[in-house]
Amino acid sequence: MRVLVVEDDPSIAQSVVDAVENLGWIAEHTDSGSVAIDWISEKPFDCVVLDLGLPDVDGDEVVRRSREHSDVPIIVASARPDEADRILALELGADDYLVKPFGIRELIARIR
């Protein structure tokens with residue numbers, strides 16, 4: 001399984017990458033929404049774990065633009081707890097939404 005981790009917090013990103021790789025899966029990481037959009041259109045990922053608060057392109061825009069050319073499952077992992085944020089991400093095409101802080105075992109279960 002190939003998982004793209006799009007996260008600008010280095011400690012969270014490393015935790016997710018480590019958990020994915022400990023299962024024998026392949027993890028790629030970027031902290032850039034624009035890079036994520038490019039990679040999703042160019043590389044075969046089985047799942048994307050996406051933060052919404054990215055420094056260059058908001059995660060909602062990453063979801064919207066990714067859905068123009070890919071149906072890869074996208075799990076949003078965000079510090080935005082409001083129902084409106086969850087609904088917007090899901091309506092734009094996200095498949096799931098976790099609010100930070102989240103348990104790494106729950107995230108892995110959702111990826112599976």
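**Group meeting: strands, crossovers and a few side chains**

Okay, so strand β1, residues 2-6, pairs with β3 in the parallel sense, over four bridges. Before I go on: this is a predicted model, so please hear everything as coming from a prediction. If you want one residue pair to find that pairing on your screen, take Leu-4, whose bridge partner in β3 is Val-48.

Let's stay with β3 for a moment. That's residues 47-50, and both of its faces are covered. Cys-47 and Val-49 are buried on one side, and Val-48 and Leu-50 are buried on the other. That fits the usual picture, in which side chains in a regular strand alternate between the two faces of the sheet.

Next along is β4. β3 and β4 pair in the parallel sense too, this time over three bridges. Look for Leu-50, which stands opposite Val-76 in β4. How does the chain get from β3 to β4? It goes through α3, and that β-α-β crossover is right-handed.

Now hop over to β5, residues 96-99. β4 and β5 pair in the parallel sense over four bridges. Val-76 turns up again here, with Tyr-97 as its bridge partner in β5. And β4, helix α4 at residues 83-92, and β5 make up a right-handed β-α-β unit.

Right, on to some individual residues. Ser-70 is in the loop between α3, residues 59-66, and β4, residues 74-78. Is Ser-70 buried or exposed? Its relative accessibility is 16%, and the cut-off for buried is under 20%, so Ser-70 counts as buried. Its side chain also reaches the backbone nitrogen of Val-72, at 3.1 Å.

Ala-19 comes out with 16% relative accessibility, so Ala-19 counts as buried. This one is in helix α1, residues 10-22. Leaving aside residues up to four places away in sequence, Ala-19 touches Ile-104 and Ile-108. For a sense of distance, the C-alpha atoms of Ala-19 and Val-6 are separated by 15 Å, with the two residues 13 apart along the chain.

Last bit, the rings. How many aromatic pairs does the structure hold? Zero. But there are charges sitting over rings. The charged end of Lys-43 is over the ring of Trp-39, 4.1 Å from its centre. And Arg-2 lies over the face of Phe-45, at 5.2 Å from the ring centre.

That's my tour, thanks everyone.

Technical notes. Residues are numbered from 1 along each chain as its sequence is written. This is a predicted model: local features need pLDDT of at least 70, side-chain atom pairs count only at pLDDT 80 or more; totals for chains, interfaces and linings use all residues. Side-chain values use heavy atoms; hydrogens and water are left out. Helices (H or I, at least four residues) and strands (E, at least two) are DSSP runs, numbered from the N terminus. Buried means under 20% relative accessible area, exposed over 50%, partly exposed in between (1.4 Å probe, protein chains only). A polar contact is a pair of N or O atoms within 3.5 Å; within protein, one must be able to donate a hydrogen and the other to accept it, and residues adjacent in sequence count only if both atoms are side-chain atoms. Rings of Phe, Tyr and Trp (its six-membered ring) pair if their centres lie within 6.5 Å; planes under 30 degrees apart count as stacked, over 60 as edge-to-face and the rest as tilted. A charge sits over a ring if NZ of Lys or CZ of Arg is within 6 Å of the ring centre and within 35 degrees of the ring normal. Two strands pair if DSSP finds at least two bridges between them. A crossover is right-handed if, with the strands pointing away from the viewer, the path from the first strand over the helix to the second runs clockwise. Contact means heavy atoms within 4.5 Å.
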